[in-house]
Amino acid sequence: MRTFLHDLRMAVRLLQQSPGLSTACIVTLALGIGANTTIYSFADAVLFRPLPVANADRIVHVYERRDQPGTFPLSFADYPVYRQQAATFEAMAAHYPSSPMHVLIDGVPEALTGAVATASYFDVLQLRPSIGRVYTTDEDTVGGRDAVAAISHGLWQRRLGGDVGVLGRSMTVNGRIFTVIGVAPPRFAGVQALGASIDVWIPSAMFAVGYRYCDAFSPACTIVHLLGRLPTGVSIDQAQ
C-alpha cells in the first residue's frame with residue numbers, strides 16, 4: 001500500500017507538470033470506460049469505411065473464446081478446420097497482422113510492419129491491386145518455396161517513387177530476398193484499426209520469415225487471426 005501511494009503521488013506531480021499529458025490520460029480513460037458501448041461503431045466507422053474494401057459490413061473477425069475473459073487468436077493448424085466447416089461464410093482467410101519486418105530496398109534499410117496472410121486474404125477483402133497482382137494459392141502452398149510479396153501503395157510511393165517498373169524487383173525481408181509482384185490499392189494499410197499500418201504482405205507459406213518465436217504451423221503456436229466474409233442475407237448471429 002505504501003508503494004502504491006508513493007507511485008500515485010509521483011504520477012499526480014508529473015501530470016501537474018504536463019497539462020497535455022493530463023488531457024491525454026483523461027481522454028484515454030474515458031475511451032476505455034466507454035469501450036463496451038462504442039467498439040462496434042468504432043470498427044464500422046474507422047476500420048472499414050475509409051478503406052477500399054467492397055461490402056465491408058460483411059467482413060468479420062473470428063476469434064476463439066476460452067475460460068478466461070476476452071477473445072484469443074488461433075493456431076494456423078485450426079484454420080483449415082474453420083474454413084471447411086464454417087458453412088455460413090462465403091470466404092475465410094488467416095493472417096498474422098503485426099509482423100516486424102526489416103526491409104532492405106536498394107541497399108537502404110527500414111523497419112516496417114508487415115503481415116503474413118493466406119492468399120484468400122485478398123479474396124475475402126475483394127482487393128484489387130493498383131498494379132501487378134497478389135500472390136496465388138499455389139504460391140501459398142509449399143513452405144518457404146515462393147518468396148513473393150505485395151507492398152502498400154504508401155511504401156511504393158515513398159521508397160520507390162511510384163515506379164511502375166517495381167514489379168519483379170527484389171527486396172530483402174528479414175534476411176530473405178522477395179520478389180515484388182503487386183502494389184495494394186491506395187489507403188489500404190491492413191485491417192487492424194488501432195495497429196500499425198501494414199506495408200508488406202507475404203504468403204503464409206513464408207511464416208518462418210514473418211514470425212520466429214514459435215513454429216507457426218504448430219497447434220501450440222496461437223498467433224493467427226481469422227477474417228471471414230458473410231454472404232448477403234447471413235447475419236452475424238447466424239454465423240455465430
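A disulfide is a pair of cysteine sulfur atoms within 2.5 Å. The tour of this predicted model opens with such a link.

**Stop 1: the disulfide**

Select cysteine 214 and cysteine 221, whose sulfur atoms lie 1.8 Å apart and form a disulfide. The structure holds one disulfide. Display the torsion about the S-S bond: at 50°, the link of cysteine 214 and cysteine 221 is right-handed. Next, colour the two partners by accessibility. Cysteine 221 has 2% relative accessibility and therefore counts as buried, while cysteine 214, at 29%, counts as partly exposed. The cut-off behind the first assignment is 20% relative accessible area, under which a residue is called buried.

**Stop 2: the aromatic pairs**

Turn now to the rings. The structure holds nine aromatic pairs. Select phenylalanine 76 and phenylalanine 207: their ring centres are 5.8 Å apart and their planes stand at 75°, so this pair is edge-to-face. Phenylalanine 76 sits in the loop between strand 4 (74-75) and helix 4 (79-85), and phenylalanine 207 belongs to helix 7 (residues 207-210), so the pair ties together parts that are 131 residues apart in sequence. Phenylalanine 76 counts as buried, with a relative accessibility of 15%; phenylalanine 207 counts as buried at 2%.

Move on to tyrosine 121 and phenylalanine 122, another edge-to-face aromatic pair, with 5.3 Å from centre to centre and 85° between the planes. Tyrosine 121 and phenylalanine 122 are both buried.

To see a wider grouping, select Phe76, Tyr79, Phe207 and Phe217, which form one aromatic cluster.

**Stop 3: the cavities**

Finally, display the internal voids. Searching the whole structure yields two cavities of 30 Å³ or more.

For the largest cavity, which holds about 50 Å³ of space, select the lining: Phe122, Leu127, Arg128, Pro129, Val134, Ala150, Gly182, Val183, Ala184, Pro185 and Trp201. Phe122, a lining residue here, is also a partner in the pair with tyrosine 121. Coloured by class, this lining shows nine nonpolar residues, one polar and one charged.

For the second largest cavity, with about 40 Å³ of space, select Ile105, Ile151, Leu160, Val166, Arg169, Ser170, Met171 and Val180 as the lining. By class, the lining of the second largest cavity comprises six nonpolar residues, one polar and one charged.

Methods: Residues are numbered from 1 along each chain as its sequence is written. This is a predicted model: local features need pLDDT of at least 70, side-chain atom pairs count only at pLDDT 80 or more; totals for chains, interfaces and linings use all residues. Side-chain values use heavy atoms; hydrogens and water are left out. On a 1 Å grid over the protein atoms alone, a cavity is a set of points where a 1.4 Å probe fits but cannot get out, and a pocket is an open set with protein on both sides within 12 Å along at least five of seven lines; lining residues have an atom within 4 Å of a point. Grid points are joined across faces, edges and corners, and a volume is the space filled by probe spheres set on the points. Ala, Val, Leu, Ile, Met, Phe, Trp, Tyr, Cys and Pro count as nonpolar, Asp, Glu, Lys and Arg as charged, and the others, Gly among them, as polar. Buried means under 20% relative accessible area, exposed over 50%, partly exposed in between (1.4 Å probe, protein chains only). Rings of Phe, Tyr and Trp (its six-membered ring) pair if their centres lie within 6.5 Å; planes under 30 degrees apart count as stacked, over 60 as edge-to-face and the rest as tilted. Helices (H or I, at least four residues) and strands (E, at least two) are DSSP runs, numbered from the N terminus.
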